[in-house]
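User: I'm new to this one and would like to know how its labels were earned. Can you take me through the reasoning?

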Amino acid sequence: MKASPKQQRHDCVRRWLYWCAGLCSIVAISACGGPRLPEGPQAANSPFNDEHPALSGNGRYLAWVSDRDGRRQILMYDLERQRYVMLPGLDRQLALVESPSLSRTGRYLTYLVDDRGRPAVALYDRAVQTPVIIALPSRSWIRNPSISPNGRFVVYERARQGQWDIEVLDRGPDVEPDIADGTPVQVP
């Protein structure tokens with residue numbers, strides 16, 4: 001039996017409402033899924049596995065990999081203010097993260113991530129709150145990425161022809177340098 005046009009419109013509206021309700025539920029659940037981070041000077045210590053520490057060039061920020069909340073994630077702690085620094089957009093479910101490295105003021109963060117089964121070097125810019133893959137070598141393994149204090153250069157180890165080599169990635173002269181406030185800028 002074929003439904004009437006009025007019944008078809010009613011079914012279409014009902015399906016649309018179900019989709020909207022489902023989408024809103026997913027957004028609400030993901031918004032609540034951020035790391036629950038305590039505050040205060042003792043907050044950086046935890047009973048969870050914490051590893052791969054890195055200090056910013058100015059010594060103010062500490063980043064490391066933690067297994068808190070049952071998943072690997074990079075955390076950043078402001079040693080001067082003794083509180084966590086939120087890193088919106090950095091968290092990617094099921095992505096293995098390792099070896100964080102910070103630029104001078106902690107604006108840029110590089111780390112190793114698992115991108116569809118292959119290790120890749122990712123860069124997170126705290127100013128724009130977006131991670132990007134900057135090195136994804138094919139048919140080779142990489143490890144231990146490190147970023148220069150100004151954020152322009154990234155180095156990492158790459159396995160090739162049975163040995164580990166050092167790769168240097170120049171992000172280019174147009175990268176906004178991570179410099180301390182009040183530092184004079186040289187104009188070319």
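Analyst: Sure. Let's start with a cut-off: a residue counts as exposed when its relative accessible area is over 50%, and as buried when that area is under 20%, with partly exposed in between. Keep in mind that this is a predicted model.

User: Then why is arginine 116 called exposed?

Analyst: Its relative accessible area is 73%, and the cut-off is over 50%, so arginine 116 is exposed.

User: What makes aspartate 115 and arginine 116 a salt bridge?

Analyst: The rule asks for a side-chain nitrogen of Lys or Arg within 4 Å of a carboxyl oxygen of Asp or Glu. Here the closest N and O atoms are 3.0 Å apart, so the pair fits the rule. As for aspartate 115, its relative accessible area is 10%, which is under 20%, so aspartate 115 is buried.

User: How do you know that aspartate 67 and arginine 72 form a salt bridge too?

Analyst: Same test: N to O is 3.8 Å for their side chains, and the limit is 4 Å, so they qualify. Salt bridges that share partners also bring in Glu51, giving one network of Glu51, Asp67 and Arg72.

User: Why is aspartate 67 called partly exposed?

Analyst: Aspartate 67 has a relative accessible area of 23%. The in-between class runs from the 20% limit to the 50% limit, so aspartate 67 lands there. Arginine 72 also has 23%, so it is partly exposed as well.

User: What is the relative accessibility of arginine 107, and is it buried or exposed?

Analyst: Arginine 107 has 16%, and buried means under 20%, so arginine 107 is buried. Arginine 107 forms a salt bridge with glutamate 176, the closest N and O atoms being 3.0 Å apart. That pair links distant parts of the chain, 69 residues apart: arginine 107 sits in the loop between S5 and S6, glutamate 176 in the segment after S11.

User: And what makes isoleucine 166 exposed?

Analyst: Its relative accessibility is 62%, which is over 50%, so isoleucine 166 counts as exposed. You'll find isoleucine 166 in strand S11, and together with Phe153 and Val168 it forms a nonpolar patch on the surface.

User: Where do the buried nonpolar residues gather?

Analyst: The largest nonpolar core has 17 residues, with Ile74, Leu87, Leu90, Leu109 and Tyr111 having the most contacts inside it. Apart from it lies another core, of 10 residues, including Leu123 and Ile142.

Technical notes
Residues numbered from 1 in each chain as written. Predicted model: local features only at pLDDT ≥ 70, side-chain atom pairs only at ≥ 80, totals over all residues. Heavy atoms only, no water. Core = buried A, V, L, I, M, F, W, Y, C linked by side-chain atoms within 4.5 Å. Buried < 20%, exposed > 50% of the residue type's maximum accessible area, 1.4 Å probe, protein only. Patch = residues over 30% accessible without salt bridge, like charges linked within 9 Å, V, L, I, M, F, W, Y side chains within 5 Å. Areas by Shrake-Rupley, 256 points an atom, 1.4 Å probe, with all protein chains shown as cover. Helix = DSSP H or I, 4+ residues; strand = E, 2+ residues; numbered from the N terminus.
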